[in-house]
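Reader: I would like to go through this model feature by feature. For each one, please give the general idea and then the case at hand.

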Amino acid sequence: MASQQQDAGTGAYLIRGAAILGGAPEDLLIRDGIIAARGQNLSADGSGVRNATVIEAAGLVALPGMVDIHTHLREPGREDAETVETGTRAAALGGYTAVHAMANSTPVADTAGVVEQVLTLGRTAGWVDVRPVGAVTVGLAGEQLAELGAMADSRAHVRVFSDDGICVHDPVLMRRALEYVKAFDGVVAQHAQEPRLTAGAQMNEGEVSAVLGLTGWPAVAEESIIARDVLLAQHVGSRLHVCHVSTAGSVEIIRWAKSRGVNVTAEVTPHHLWLTDELARSYDPVYKVNPPLRTDADVQALRAALADGTIDVVGTDHAPHPSEHKECEWAQAAMGMTGLETALSVVQHTMIETGLMGWADFARVTSTAPAAIGRLEDQGRPLDAGEPANVTLVDPAARWTVDPSKMATMGRNSPFAGRELPGKVVATFFKGHPTVLDGKLNTPYRWLPETSDPAGNTGTAAAGRS
Amino acid sequence: MRHLLSTEDLSLSDAVRILDTAEEMAAVGEREVKKLPTLRGRTVVNLFFEDSTRTRISFEAAAKRLSADVINFAAKGSSVSKGESLKDTAQTLSAMGADAVVIRHWASGAPHRLAATDWIDAAVINAGDGTHEHPTQALLDAFTMRRHWSKLAGTPSAGADLTGMRVAIAGDVLHSRVARSNVWLLRTLGAEVTLVAPPTLLPIGVEKWPCTVSYDLDETLAKGVDAMMMLRVQGERMNASFFPTTREYSRRWGFDDNRLRALDGLGLKDTIIMHPGPMNRGLEISSAAADSPRSTVLAQVRNGVSIRMAALYLLLSGDTREPAAHAGTTRFHSAENTSAHAPKESH
């Protein structure tokens, strides 16, 4: 790809010859935050194209900007692990135009004040749309509902609620949360982990944990909560989202629930689509994550479920940690892996290069469906004239070797370190502004605080310059 | 061998070599002067993150009989209890010039971390990690069994394995690093292993282990056992519902006086009774069984020193067997040995 220097005058971009959703090459004209035109040889008809920066995109795939339903940005509270600025730089480089920032910050995002703070931090950074997730319970303590309505009505316009990291295990509290969020079309995103069955759990319970002497995290601890929750969701007629599904049994339960018409969506992480508990044999805590890496049979079931729509979305569960939380004994180490900058490549490797999915499916699971779950109206849209210009350009033929020390995230805990991956994000357009160009960070989008609406849905703010 | 981390990946030839070397070391223990100059000038650190007086003094005696300098580093009352990381502790020991680190840790895999990282460049010996492995315990158990098995056969121990020996291991397998190390090592040496435990105290996945699993101790004994190893059971496990009461545990899975008598009735006159210690008399083993002529409990302790001498000798004197008197006795020589092994082996 060759791109000229950004033309500060027009803010218009002509993407020439990109395979839209992997289809036939077409041109996209981006201007004033929207896709102004789509078609063959747009440069030939002249209108409005003259001052646009041309991006030669032959061989590249154009996708709707990716939307992460599950991101830990760590700010406020753990700025030694990640900040909204560094995490969203990583997101933009990974092809994302929106991320849902999980609520387990310090303080917990359980009030309108905290979610608005995170929203403001996201807009100040300007790399992607940061959509705060609100906690279900006060302090993630699992005892009392947080002010879900206040968060929904706040400037952050919260629609996704989750105690992620901790399971809402009390069945009555879960029922009430599911019921209550119906008042504002919210969804409860459950971290399915029965706490008593997973006390002190270190890794998947099975053949490998038996040998390693690490306390097991049994599949049934996830599956029993999912089974309960889909029945609760059916009973009260609510919307349920299941975070990071990790077992073949969970897939079966969700498939069954969907066949019964339960309003449930499910997510899988890139690492659960590839890695298995065999990696724990190294005792290297970079492979320690919650839910844990499972078996190859689980990996295959998760891939099949993502391909057939039983699992709706890929969520990174991007979880950066400072090095000292991983350079230690396994049992002492923090759980979690980074994922924003490797998600696209891992999904390409596990789903597309295996022939299970095409790029249109990729767009569904990384953009359209997560945007729908989060009720983001200007994300996950078709790449058509008049639509918001949230666009990712990918070079599917590129190969690169993961080096965590070169990532934008502060976290160095990538389980893919040293692996060669396919696919590279060449450019990311967020509201018509290139946050990434030539595979490198460009400049952030600049919100105009006065004119931006609470939901950030209209894209009326002007793109800024560096 | 660069480190001794587990028996799972210990080859038959390495296992037999350790056992054979331990026989030579045992001869030293029977001399009036129980000391060899082999590791003079070498430093062995006993790094204990978990209390275990008997394992620590066994390693200490082994190192001292080989003339090594021994530093005991107990986590309690040290910087470790003030929150120092394993990494910092390891780097500190490295800076002090430790040639070998004997590590006991409550966390499974901690010795692997020391061996796999660049925190310290020393031989690492696993002296028990969490519920993972305790390789020197399994080696001393195998040493004890091999002497018994060879004596019965009227053949020398040296070079022998345990082909055909029937070994039953009973108790809390789930939480036992001793059981794990024994299962792998006994498989390698050709013994037939049966694990006996309540289903709650067997790990999920045990069906893939190279052994037979039984819930019935009497049935196992009736089928014939040459060595009966009892594992320590913590009474507190009943509070987590692993078994209803210590009495029920003892009746069903303890080696009590009735079962001791049953050995005679079954014609198993040569069956030995083993226990890694410390024993809970009256819970997993009765006093009569522990003190009977069949009991090898004290022989195991004695053999432990020989095994640990062998392990230290083989790791610190290099991979090739050298006559003990010529093995690295100077710092200069030891530095050469260390650098020759600098690239980390994967395990």
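Reader: Is A:Glu252 buried, exposed or partly exposed, and how is that read?

Author: The model is predicted, and the reading rests on a count of neighbours. A residue is buried with 20 or more other C-beta atoms within 10 Å of its own, exposed with 12 or fewer, and partly exposed in between. A:Glu252 has 16 C-beta neighbours inside 10 Å, so it counts as partly exposed. A:Glu252 belongs to helix H8 of chain A, residues 248-259.

Reader: What separation is there between the C-alpha atoms of A:Glu252 and A:Thr310?

Author: Distance along the chain and distance in space are read separately. A:Glu252 and A:Thr310 are 58 residues apart along the chain, and their C-alpha atoms are separated by 8.8 Å.

Reader: How many helices and strands does chain A have?

Author: Chain A has eleven helices and 19 strands. Its overall form is read from the radius of gyration, which is 21 Å. The globule rule gives 23 Å for 466 residues, and the two values are close, so chain A is as compact as a globular protein of that length. Along the principal axes, the C-alpha atoms of chain A fill a box of roughly 65 × 45 × 45 Å.

Reader: What share of chain A counts as buried, and what share of its contacts join residues at least 24 apart?

Author: Of the 466 residues of chain A, 59% count as buried. For contacts, take those in chain A between residues at least 6 apart in sequence: 74% of them join residues at least 24 apart.

Reader: Which backbone features should I check residue by residue?

Author: Begin with the peptide bonds and the sign of phi. Most peptide bonds are trans, and most residues other than glycine have a negative phi. Chain A has a cis peptide bond between A:Glu75 and A:Pro76, with omega about 5°. A:Pro76 sits in the loop that runs between strand S6 (66-71) and helix H2 (84-93) of chain A. Another cis peptide bond joins A:Thr106 to A:Pro107, again with omega about 5°. The loop holding A:Pro107 lies between strand S7 (96-101) and helix H3 (112-125) of chain A.

Reader: What is phi of A:His157, and where does that residue lie?

Author: Phi of A:His157 is near 55°, a positive value in a residue other than glycine. A:His157 is placed in the loop between helix H4 (148-153) and strand S9 (160-161) of chain A. It has 22 C-beta neighbours inside 10 Å and therefore counts as buried.

Reader: And what is phi of A:His244?

Author: A:His244 has phi near 20°, a positive value in a residue other than glycine. A:His244 lies in the loop between strand S13 (240-242) and H8 of chain A. A:His244 is buried because 24 other C-beta atoms lie within 10 Å.

Reader: Turning to chain B, how is it divided into domains?

Author: A domain can be made of separate stretches of sequence, and the bounds here come from a domain assignment. For chain B the assignment gives domain 1 as 12-133 + 301-324 and domain 2 as 135-297. The C-alpha centres of these two domains of chain B lie 26 Å apart.

Reader: How many residues of domain 1 and domain 2 of chain B are in contact?

Author: In chain B, 23 residues of domain 1 are in contact with 21 residues of domain 2. On the domain 1 side, the elements giving two or more residues are helix H1 (12-29), strand S4 (123-129) and helix H11 (297-316) of chain B. H1(B) has the largest share, eight residues. By type, the domain 1 side divides into nine nonpolar, eight polar and six charged residues.

Reader: How do H5(B) and H11(B) cross?

Author: A helix pair is read from the approach, angle and hand of the axes. The axes of helix H5 (residues 135-153) of chain B and H11(B) come within 8 Å and cross at roughly 115°. The crossing is right-handed. Residues of the contact include B:Leu139, B:Leu140 and B:Phe143 of H5(B), and B:Ile307 and B:Arg308 of H11(B). The contact's residues divide into six nonpolar, six polar and two charged.

Reader: Finally, how many residues of chain B are in contact with chain A?

Author: An interface is read side by side: 22 residues of chain B are in contact with 19 residues of chain A. On the chain B side, helices H3 (86-95), H4 (110-116) and H6 (177-189) of chain B each supply at least two residues. H4(B) gives the most, with four residues. That side of chain B divides into seven nonpolar, nine polar and six charged residues.

How values were computed:
Residues are numbered from 1 along each chain as its sequence is written. Chains are lettered from A and ligands numbered from 1 in the order in which they are written. This is a predicted model: local features need pLDDT of at least 70, side-chain atom pairs count only at pLDDT 80 or more; totals for chains, interfaces and linings use all residues. Two residues are in contact if their C-beta atoms, placed from the backbone, lie within 7 Å. Ala, Val, Leu, Ile, Met, Phe, Trp, Tyr, Cys and Pro count as nonpolar, Asp, Glu, Lys and Arg as charged, and the others, Gly among them, as polar. Axes are lines fitted to C-alpha atoms, for helices over the stretch in contact, and angles run from 0 to 180 degrees between N-to-C directions. A crossing is left-handed if the near helix is turned anticlockwise from the far one by less than a right angle, and right-handed if clockwise. The radius of gyration is taken over C-alpha atoms; the globule rule is 2.2 Å times the number of residues to the power 0.38.
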